[in-house]
Amino acid sequence: MEVNLISDTVTRPTSAMLEHMFKAKVGDDVFKEDPTAIKLEKRVAQMFGKPAALFFPSGTMANQTAIKVHTQPGEQLIADKDAHVFNFEAGGVSFNSGVSCRLVDGLNGTFTAKQVKDLINPPEFFHTPITSLVCIENTANSAGGSCWDLNAIKQIRTVCDDHDLRLHLDGARIWNAMVAKNESPEQYGELFDSISVCLSKGLGCPVGSLLIGDEKFISKALRIRKVLGGAMRQIGYLAAAGLYALDHHIERLADDHQRATELAEVLNDKTFVRAIEPVQTNIVIFYLNQKVVVTEFLQVLADQGIKIIHLGQGKLRMVTHLDYTASIHSRTLEVLKALEL
């Protein structure tokens with residue numbers, strides 16, 4: 001039995017999802033004639049209380065498009081030091097938009113309105129870049145799937161309004177955050193100028209993200225998507241997977257969260273584990289004692305059929321997901337409980 005805890009992107013479509021995909025009505029989305037893609041975009045936009053949405057092949061492209069629309073070359077965005085848009089999108093902020101990043105030394109991937117205010121460059125001071133955008137990531141991947149407090153975001157929204165800044169949400173795992181904190185999409189739609197949401201993380205789709213905003217923003221995003229090579233043809237098959245996931249795979253995220261908590265509890269009792277990040281959703285990040293060699297630890301797990309990921313600097317990650325079933329979870333717990341190094 002293989003146990004793959006590398007990411008929640010390793011899932012495969014369920015048989016029911018595949019059946020739904022096979023039955024999709026499709027057209028050429030480059031000409032905006034794919035009925036299923038249009039249906040998904042309208043539904044997601046309505047969920048978040050926004051006028052429009054646009055399908056993307058990846059969350060990275062959706063984020064990069066949002067940054068490109070919101071900024072001009074030479075400007076600057078504010079984000080957490082561990083933000084995905086800065087660390088894991090291949091330098092796209094500078095390559096695609098000619099924009100620099102002002103990084104916040106946040107706590108577990110979150111930061112305060114005061115920290116944002118303190119990093120805004122004076123617009124009249126021509127020696128520094130114009131600050132034009134704030135990016136928030138929820139949940140915060142590198143912080144172990146931590147969730148933002150809505151009141152903190154509201155305070156940041158006020159700072160953005162006071163200083164004429166746009167506010168973008170990298171919501172790759174926003175579904176996890178909403179389930180964990182019993183929040184609604186509309187609450188986020190009210191606060192952000194743009195939102196990217198992922199269908200392949202947590203929801204079990206093979207491909208796909210959406211970018212959400214007002215009609216003017218999405219019109220500009222459509223052009224940028226084309227520039228980046230993201231315009232696709234009969235994407236209704238992929239959009240159908242998203243529609244199915246929205247109906248069947250959101251509430252079950254609570255199971256992933258519970259299993260992640262149980263994994264962390266077992267690891268916390270092991271003498272070879274030095275520290276564990278607080279677990280709020282489906283990500284477990286932990287560190288080994290210095291005497292334990294990371295590569296040897298990974299091999300021990302691999303010999304038991306368990307795959308996890310090393311993120312560098314001793315940071316190890318496990319991510320629970322749709323394909324990580326109750327029976328697989330039970331066996332994984334047994335292996336970890338018996339493990340001695």
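This report describes the fold of one protein chain, two of its helices and several individual residues.

**Overall architecture**

The model is predicted. The chain contains 14 helices and 13 strands. Its radius of gyration is 20 Å, close to the 20 Å given by the globule rule for 341 residues, so the chain is as compact as a globular protein of that length. Measured out along its principal axes, the C-alpha trace spans about 60 × 55 × 35 Å.Of the 341 residues in the chain, 54% are buried. Contacts between residues at least 6 apart in sequence join residues at least 24 apart in 74% of cases. The accessible surface amounts to about 15200 Å², and carbon and sulfur atoms account for 51% of this area. As for charge, the chain carries 35 positive and 40 negative side chains, and the centres of these two sets lie 3 Å apart.

**Two helices**

Helix α11 covers residues 236–248. At 1.5 Å a residue, its 13 residues should span 18 Å, and its end C-alpha atoms are 18 Å apart, which agrees. Ten of the 13 residues are buried, so α11 is largely enclosed by the rest of the structure. The buried residues of α11 are Gly236, Leu238, Ala239, Ala240, Ala241, Gly242, Leu243, Tyr244, Ala245 and Leu246. These residues pack against α1, α2, β2 (52–56) and α8.

Helix α12 covers residues 253–268. For its 16 residues, 1.5 Å a residue leads to an expected span of 22 Å; the end C-alpha atoms are 23 Å apart, which agrees. Its buried residues are Leu253, Asp256, His257, Arg259, Ala260, Leu263, Ala264, Val266 and Leu267. An α-helix has 3.6 residues a turn, so residues three or four places apart point the same way. In α12, Asp256, Ala260, Leu263 and Leu267 are among the buried residues. The cover over the buried residues of α12 includes the helices α8 (174–181) and α14 (326–338), together with the strands β9 (273–276), β10 (283–288) and β13 (315–319).

**Residues of the interior**

Leu211 belongs to strand β8, residues 209–213. With a relative accessible area of 0%, Leu211 is buried. Ala221, in helix α10 (residues 215–227), is likewise buried, with a relative accessible area of 0%. When neighbours within four places in sequence are left aside, Ala221 is in contact with Leu54, Phe56, Thr65, Val69 and Leu211.

Asp28 is located in the loop between α1 (15–22) and α2 (35–47). Its relative accessible area is 17%; the cut-off for a buried residue is under 20%, so Asp28 counts as buried. Apart from residues up to four places away in sequence, Asp28 touches Glu33, Asp34, Met232, Arg233 and Gln234.

The table sets separation in sequence beside C-alpha to C-alpha distance for three pairs that involve these residues.

| Pair | Separation in sequence | C-alpha to C-alpha distance |
|---|---|---|
| Leu211 and Thr65 | 146 residues | 8.6 Å |
| Ala221 and Ala53 | 168 residues | 9.5 Å |
| Asp28 and Gly314 | 286 residues | 46 Å |

Leu211 and Thr65 are thus 146 residues apart in sequence and 8.6 Å apart in space, whereas Asp28 and Gly314, 286 residues apart in sequence, are 46 Å apart in space.

**Backbone details**

Most residues other than glycine have a negative phi, and most peptide bonds are trans. Three places in the chain are described here against that background.

Lys32 is not a glycine, yet its phi is positive, at about 55°. Lys32 lies in the loop between α1 and α2, the loop that also holds Asp28. At 30% relative accessibility, Lys32 counts as partly exposed.

Asp164 also has a positive phi of about 55° without being a glycine. Its place is in the loop between α7 and β6 (166–171). At 56% relative accessibility, Asp164 counts as exposed.

The peptide bond that joins Asn138 and Thr139 is cis, with omega about 0°. Thr139 lies in the loop between β5 (131–137) and α7 (150–162).

Note on methods: Residues are numbered from 1 along each chain as its sequence is written. This is a predicted model: local features need pLDDT of at least 70, side-chain atom pairs count only at pLDDT 80 or more; totals for chains, interfaces and linings use all residues. Side-chain values use heavy atoms; hydrogens and water are left out. Helices (H or I, at least four residues) and strands (E, at least two) are DSSP runs, numbered from the N terminus. The radius of gyration is taken over C-alpha atoms; the globule rule is 2.2 Å times the number of residues to the power 0.38. Buried means under 20% relative accessible area, exposed over 50%, partly exposed in between (1.4 Å probe, protein chains only). Contact means heavy atoms within 4.5 Å. Accessible areas come from the Shrake-Rupley method with a 1.4 Å probe; for residues, only the protein chains shown count as cover. Lys and Arg count as positive and Asp and Glu as negative; His and the chain ends are not counted. The place of a charge is taken as NZ of Lys, CZ of Arg, CG of Asp or CD of Glu. The expected span of a helix is 1.5 Å times one less than its number of residues.
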